[in-house]
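Colleague: I would like to go through the labels assigned to this model and hear the reasoning behind each one. Please set each value against its cut-off.

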Amino acid sequence: MIKNMSQKIKVIDDSTKAELRAIDNTGANIIEKDFCLVMDNSAIMKYAVIDAPLRTPEHRIMLVKKGSVDHTLNYVDFHTSEGELLMTPANYIININGHSRDFNARVLSFRFANMVDAGLVGYDAVMLRLGYNEEQVFENFFQMMNQVLKSPTAGKRDFEHLVISMLYRIQGLNSAQNGFQAPAMGDRKQAIVSKFMQLLNANGPAPRSIAYYADKLGVSANYLSVVVKERSDHTVMEWVDIRTVTQIKLLLFDPDNLTVDQIAERLNFSSSSQMIRVFKKLTGATPIEYRKTKSEEIRKKKPSN
């Protein structure tokens, strides 16, 4: 949700985004629902709530200009600081754990239906440490996009080609810095862990059975357990619990205002008390305590009309 911070708060919904361009005073620029460019995210970050996960429908590219931010992206922790770039694929669960007071970044959000199929966006988040020259390359990309947004004759396709060029540059740097290889050609163990995480992050409740994931991946339950622990420092069931707790957090703020019993049923727990035990083990609070605390934080940070 993007808010206009002029005289009154205005929510830019999908009907508003259907216009060719929409610009608000937080610095969010939107083209035809599919692209959103923020050149200075400091106004938006004032209202960010710590430890309140959300699932993003768009791919995101963030270039940190100043300070730093701590994210958990699909249950993996990232610390991103000045001079670094972070790309997050669509459908990721993003949780902000904290940021420095001077944190400032350029952020691009975009939706292409065929990005993953085309190989331009993978299933994993990518973080790159940029040298001065590369940082200037990406700064130029953002500045060019900003100029396109201001041009009365530019259209969606102009913007799209700039995004694709940026994605190719990220792909090349990722290959050079991280030795990226397609799973079929690379490390088999890492490929299994990557596919396990894809299964874990699928929509719907996370099955609470090692055998389920092993069967889907065509390996034994014992082999999967060993590989996941070796490569990720968590067991399969620890990952399932982390995923489940994040799902609970998301559902606690579902617009339908679900009860704890309804959430437990939706996530296929045998009882709400079982779900509460899992949640409290990882967070130190019950779901109701968590919802109360975060609701109060959201209320305090919400801009007044």
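Colleague: Which residues touch the most other members of the largest nonpolar core?

Modeller: This is a predicted model. In the largest nonpolar core, which has 28 residues, Ile61, Leu108, Phe138, Phe159, Met166 and Ile170 touch the most other members. Elements that each supply at least two residues of this core include strand E7 (59-66), strand E12 (104-110), H3 and helix H4 (156-178). The largest share, seven residues, comes from H4. Another core, of 19 residues, lies apart from it, with Tyr75, Ile93, Phe196 and Val240 among them.

Colleague: How do you know that the span of helix H3 agrees with its number of residues?

Modeller: Helix H3 covers residues 132-150, and its 19 residues at 1.5 Å a residue should span 27 Å. The end C-alpha atoms are 27 Å apart, so the span agrees.

Colleague: What makes Asn104 count as buried?

Modeller: Buried means under 20% relative accessible area. Asn104 has 16% relative accessibility, so Asn104 counts as buried. Asn104 has its place in strand E12. Leaving aside neighbours within four places in sequence, Asn104 is in contact with Met39, Asp40, Asn41, Ser42, Val64, Lys65 and Lys66.

Colleague: Why is the pair of Phe138 and Phe141 called tilted?

Modeller: Ring centres must lie within 6.5 Å to pair, and planes that are neither under 30 degrees nor over 60 count as tilted. Here the centres are 6.0 Å apart and the planes stand at 45°, so the pair of Phe138 and Phe141 is tilted. Both residues lie in helix H3, three residues apart, about one turn of the helix. Phe138 and Phe141 are both buried.

Colleague: And what makes the pair of Phe279 and Tyr290 edge-to-face?

Modeller: The ring centres of Phe279 and Tyr290 are 5.8 Å apart, and their planes are at 75°. Planes over 60 degrees apart count as edge-to-face, so that is the label for this pair. Phe279 lies in helix H10 (residues 272-283) and Tyr290 in helix H11 (residues 287-301), so the pair ties together parts that are eleven residues apart in sequence. Phe279 counts as buried at 0% relative accessibility, and Tyr290 counts as buried at 6%.

Colleague: Which strands stand at the edges of the open sheet, and why?

Modeller: The open sheet of four strands has the order E6-E11-E8-E9, with antiparallel pairing. Strand E6 (54-55) and strand E9 (76-81) each have a single partner strand, so one side of each is left without a neighbour in the sheet.

Terms used:
Residues are numbered from 1 along each chain as its sequence is written. This is a predicted model: local features need pLDDT of at least 70, side-chain atom pairs count only at pLDDT 80 or more; totals for chains, interfaces and linings use all residues. Side-chain values use heavy atoms; hydrogens and water are left out. The expected span of a helix is 1.5 Å times one less than its number of residues. A nonpolar core is a set of buried Ala, Val, Leu, Ile, Met, Phe, Trp, Tyr and Cys residues joined through side-chain atoms within 4.5 Å. Buried means under 20% relative accessible area, exposed over 50%, partly exposed in between (1.4 Å probe, protein chains only). Contact means heavy atoms within 4.5 Å. Two strands pair if DSSP finds at least two bridges between them.
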